[in-house]
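Colleague: I'm new to this one. Can you walk me through it?
Modeller: Sure, have a look and ask away.

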Amino acid sequence: MRLRRPFVAGNWKMNGSRTGSLQLLQSLVAGCDQINPNVDLAVFPPFVYLELAEKILNETCWAWGAQDISAEPNGAFTGEISAAMLNDFHCRYVIVGHSERRRLFGEDDQLIAKKFSTALQEQLCPILCIGETEEQQANGQTVAVIEKQLAVALKSAKELLENEFVIAYEPVWAIGTGKNASPEQAQEVHANIREFLNAMNPDLALRTRILYGGSVNAKNALPLLKMSDIDGVLVGNASLDANQFIEIGKQCNYLS
Ligand code: PGA
């Protein structure tokens, strides 16, 4: 038995249409009986399809969540979506600090920490994304970069122990590039992340799930999932194809 429940999450990013999303959601539901019930499964559609996700996925093997959240509770913040709104649609999870938000929309560690803490306070389970760029990796800065990203967001071990959260290690050079980290490379960074958590609190290290993300597909998922500190995967592109995403979920059936 694995210490932590495997978790397979699909980030749709800004893709799909109303009709396409409906078909994808329905196909995912049709695949439920193929995946071990001890696996947590979730999709992250664009905000405007969350209502559809709730309608189709309710009481199935799939949970749903949002790709981002505002750090503010309400008010004059044009274009933002609050935690309360996500709770209106019964989102269980929210992705925070995805590298595309950091890189393309200028989100810094402070803003991400605020979003992370807002999600925790509003009983949404945040998936905190961290990871180094290609240049940082080449300069041997991976551990320093992820430790800084973690240190800004993870402040109180007590609060973290009282709430559910997930970490996703997504090397920026592996996202959408087809160049995924090798299982050994990813395991090494995951072990560092767990060590960071252990220094905060040993229980936190034991219970926190750390996902790997970056060009995961049905072919490369299993060796990654077999690593002792890899508790699941955050999948972009391959989650847009129901068959392939179900296949990734099914890889967890082979974990002992
Ligand atoms: P990818 O995206 O699987 O398309 O590389 C992963 C992610 O950005 O979460």
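Colleague: What radius of gyration does the protein chain have, and what would a compact globule have with 256 residues?
Modeller: The protein chain has 17 Å, which agrees with the value near 18 Å for a compact globule of 256 residues. The radius is taken over C-alpha atoms, and the globule rule is 2.2 Å times the number of residues to the power 0.38. Keep in mind that this is a predicted model: local features need pLDDT of at least 70, side-chain atom pairs count only at pLDDT 80 or more, and totals for chains, interfaces and linings use all residues. Residues are numbered from 1 along each chain as its sequence is written, and side-chain values use heavy atoms, with hydrogens and water left out.

Colleague: OK. What box do the C-alpha atoms fill?
Modeller: Roughly 50 × 45 × 35 Å, along the principal axes.

Colleague: And how many helices and strands are there?
Modeller: The protein chain has 12 helices and 8 strands. Those are DSSP runs, numbered from the N terminus: helices are H or I with at least four residues, strands are E with at least two.

Colleague: How much of the protein chain is buried?
Modeller: Buried residues make up 54% of the 256. Buried means under 20% relative accessible area, exposed over 50%, and partly exposed in between (1.4 Å probe, protein chains only).

Colleague: New topic: how many disulfides does a search of the whole structure find?
Modeller: It finds 1, counting a pair of cysteine sulfur atoms within 2.5 Å as a disulfide. Cys 32 is joined to Cys 61, with 2.1 Å from S to S.

Colleague: Which parts does that pair tie together?
Modeller: Cys 32 lies in the loop between helix H1 (18–30) and strand E2 (40–44), and Cys 61 in the loop between helix H2 (50–57) and strand E3 (62–66), so the pair ties together parts 29 residues apart in sequence.

Colleague: Is the bond left-handed or right-handed?
Modeller: Left-handed, because the torsion about the S-S bond of Cys 32 and Cys 61 is about -85 degrees.

Colleague: Are those two cysteines buried or exposed?
Modeller: Cys 32 is buried, at 17% relative accessible area, while Cys 61 is partly exposed, at 29%.

Colleague: What about Cys 91?
Modeller: Cys 91 is in no disulfide, and its nearest cysteine sulfur, that of Cys 125, is 12 Å away. With 5% relative accessibility, Cys 91 counts as buried.

Colleague: And Cys 252?
Modeller: Cys 252 is in no disulfide either; the nearest cysteine sulfur belongs to Cys 61, 12 Å away. Cys 252 is buried, with a relative accessible area of 3%.
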